[in-house]
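Good morning, and thank you for joining this meeting. I would like to guide you through a structure that may be new to you, beginning with its overall division and then turning to its sheets and helices.

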Amino acid sequence: MSFKFTSIRLVYYSTILLMIASLLPFAATTNASPQKPNEARDVYYPGTEDLRPDEMRVVALGTGQPTVRPKQASAAFLVELGNGDKFLFDLGYGSVQRLSTMKIPMDYLDKVFIGHLHMDHFGDLDALWIGGLKMNRTYPLRVWGPSGETPKMGTKNAIEGLKQMLYWDAVTVAGLIDTRGEQIEVNEFDYQAVNNVIYEENGVTIRSIPAIHVTDGAVSFILEWNGLKFAYSSDTFPNKWWLEHTKNVDISIHECFASPQILLEKQKYPPPLALALSVFKHTSPQQFGKVMSMTEPRLAVGYHFYNDHDTLPVILDQVRRTYDGPLAMATDYMVFNVTKEDIRVRMAAVDTEIWPSLSTRPTKRNPPKGSLFSEFTESGMEPMPELIQRIYDDFNKRNGTNVPLPKK
Ligand SMILES: [Zn+2]
Ligand SMILES: [Zn+2]
């Protein structure tokens with residue numbers, strides 16, 4: 001009896017609930033075809049969105065600590081502007097892999113600004129230079145970086161060293177690539193100059209200010225375009241130049257290193273090193289918050305820590321002790337769309353099976369040089385003439401081509 005009563009009451013209440021539900025807005029969408037895209041997606045799909053002429057898009061390509069890991073590459077940020085310009089600020093190791101997912105032809109990735117010469121800030125310059133060359137970047141790579149206390153400590157010397165390191169690679173691609181992309185233009189500027197214009201083209205101005213990090217020769221950058229201001233600290237201890245020149249910028253990306261406690265517990269650093277590294281060699285979370293309170297950007301972005309489920313709450317708690325303004329704690333593939341009206345923060349959905357984008361203009365290849373082998377190495381080749389002939393024949397037949405076998 002009581003069972004029957006309960007069942008009737010359940011039917012009664014369910015009917016009322018269904019009637020209420022039919023009045024709610026989501027009920028109206030039940031007729032929509034499930035094949036239609038969901039317009040409410042809040043993800044950035046690279047290569048699918050126009051930038052508005054007055055819009056700036058910033059992509060976090062590397063946000064982790066100095067040792068690279070699958071989840072986070074080392075420091076690198078891509079800035080794309082509505083006028084078509086693109087800039088890279090730092091290029092720490094691992095970051096070019098992230099850059100490849102943005103579906104941008106190498107011709108547009110020719111401008112790199114290096115904050116200082118630690119490998120977690122420029123260790124992937126080789127990957128962009130040689131990798132870009134092999135994907136037909138038809139423009140020289142342009143690099144801006146600070147001088148040092150001595151010429152040996154400056155960017156010019158570092159790039160000369162890089163060229164020496166990659167000499168074998170550069171020689172062996174001759175005849176296969178467009179050598180216009182092989183050139184590197186190095187623009188070394190005075191690390192001590194304050195608010196110094198180091199780039200001014202196409203309505204974009206980039207200035208450098210000194211930074212304080214480990215030794216002399218580190219800098220931070222400020223990009224200005226179309227009334228929008230982007231500031232990027234690279235690595236620095238809180239300093240007067242940043243406080244003076246980044247007030248009220250639209251997006252302020254400043255390092256926020258792991259706290260001393262995290263370095264002690266997770267990385268087992270000795271206590272004096274944990275403290276010195278977080279507080280003096282870098283900027284600890286509480287110092288980062290204080291800097292943001294003093295400069296009041298439209299959006300503060302903290303980077304340079306391993307951003308995980310157990311570290312983020314600890315770091316965020318510390319930042320919030322000294323700063324209560326707009327904030328994003330960066331991880332790789334975080335995307336910021338900045339306009340005067342709005343700053344939108346999303347994550348990118350990336351294609352890990354991405355292929356390199358094609359060059360935007362015809363490539364000019366030098367004629368292949370003869371064999372680069374010595375007689376010794378050539379004497380070791382197993383020619384397999386019938387098989388190779390068949391590969392050439394099949395290819396030519398399938399593609400309607402007439403590529404002859406090389407003479408040797
Ligand atoms: Zn550094
Ligand atoms: Zn660093």
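**Domains, sheets and helices**

The domain assignment divides the protein chain into domain 1, residues 43-348, and domain 2, residues 371-408. Please keep in mind throughout that this is a predicted model. Taken over C-alpha atoms, the centres of domain 1 and domain 2 are separated by 46 Å.

Let me turn to the sheets. One of them is an open sheet of nine strands with mixed pairing, and its order reads S1-S16-S15-S2-S3-S4-S5-S6-S7. Which strands stand at the edges of this sheet? They are strand S1, residues 43-44, and strand S7, residues 184-189. Each has a single partner strand, so one side of each is left without a neighbour in the sheet.

At the S1 edge, the pairing with strand S16, residues 343-348, is parallel and runs over two bridges. Within this region, Tyr44 is placed opposite Ala348 of S16.

Helices also pack on this sheet. Helix H5, residues 125-134, lies across four strands: S4 (86-91), S5 (111-113), S6 (141-146) and S7. The direction of H5 is at about 165° to S6. Helix H6, residues 155-165, packs on the sheet as well, where it touches S6 and S7. Relative to S7, the direction of H6 makes an angle of about 155°.

We come now to another open sheet, this one of seven strands, ordered S8-S9-S10-S11-S12-S13-S14 and again with mixed pairing. Its edge strands are S8, residues 196-201, and S14, residues 327-329, each of which pairs on one side only. On average, and with direction ignored, neighbouring strands here are turned by 20° against each other.

Inside this sheet, how do strands S10 and S11 pair, in the parallel or the antiparallel sense? Strand S10, residues 215-225, and strand S11, residues 228-232, are antiparallel, with five bridges between them. One bridge joins Trp225 to its partner Leu228 in S11.

Finally, I would like to consider a pair of helices. The axes of H9, residues 260-267, and H10, residues 271-281, come within 8 Å and cross at roughly 135°. The two helices are therefore oblique to each other, and the crossing of H9 with H10 is right-handed. On the H9 side, the contact involves Pro260, Leu263 and Leu264. These meet Pro271, Ala274, Leu275, Leu277, Ser278 and Val279 of H10. Sorted by class, this contact has eight nonpolar residues, one polar residue and no charged residues.

Definitions and conventions:
Residues numbered from 1 in each chain as written. Chains lettered and ligands numbered in written order. Predicted model: local features only at pLDDT ≥ 70, side-chain atom pairs only at ≥ 80, totals over all residues. Axes fitted to C-alpha atoms, helices over the stretch in contact; angles between N-to-C directions. Parallel < 35°, antiparallel > 145°, perpendicular 65-115°, else oblique. Left-handed = near helix turned anticlockwise from the far one by under 90°. Contact = placed C-beta atoms within 7 Å. Nonpolar A, V, L, I, M, F, W, Y, C, P; charged D, E, K, R; others polar. Pairing = 2+ DSSP bridges. Domains from an automatic or database assignment.
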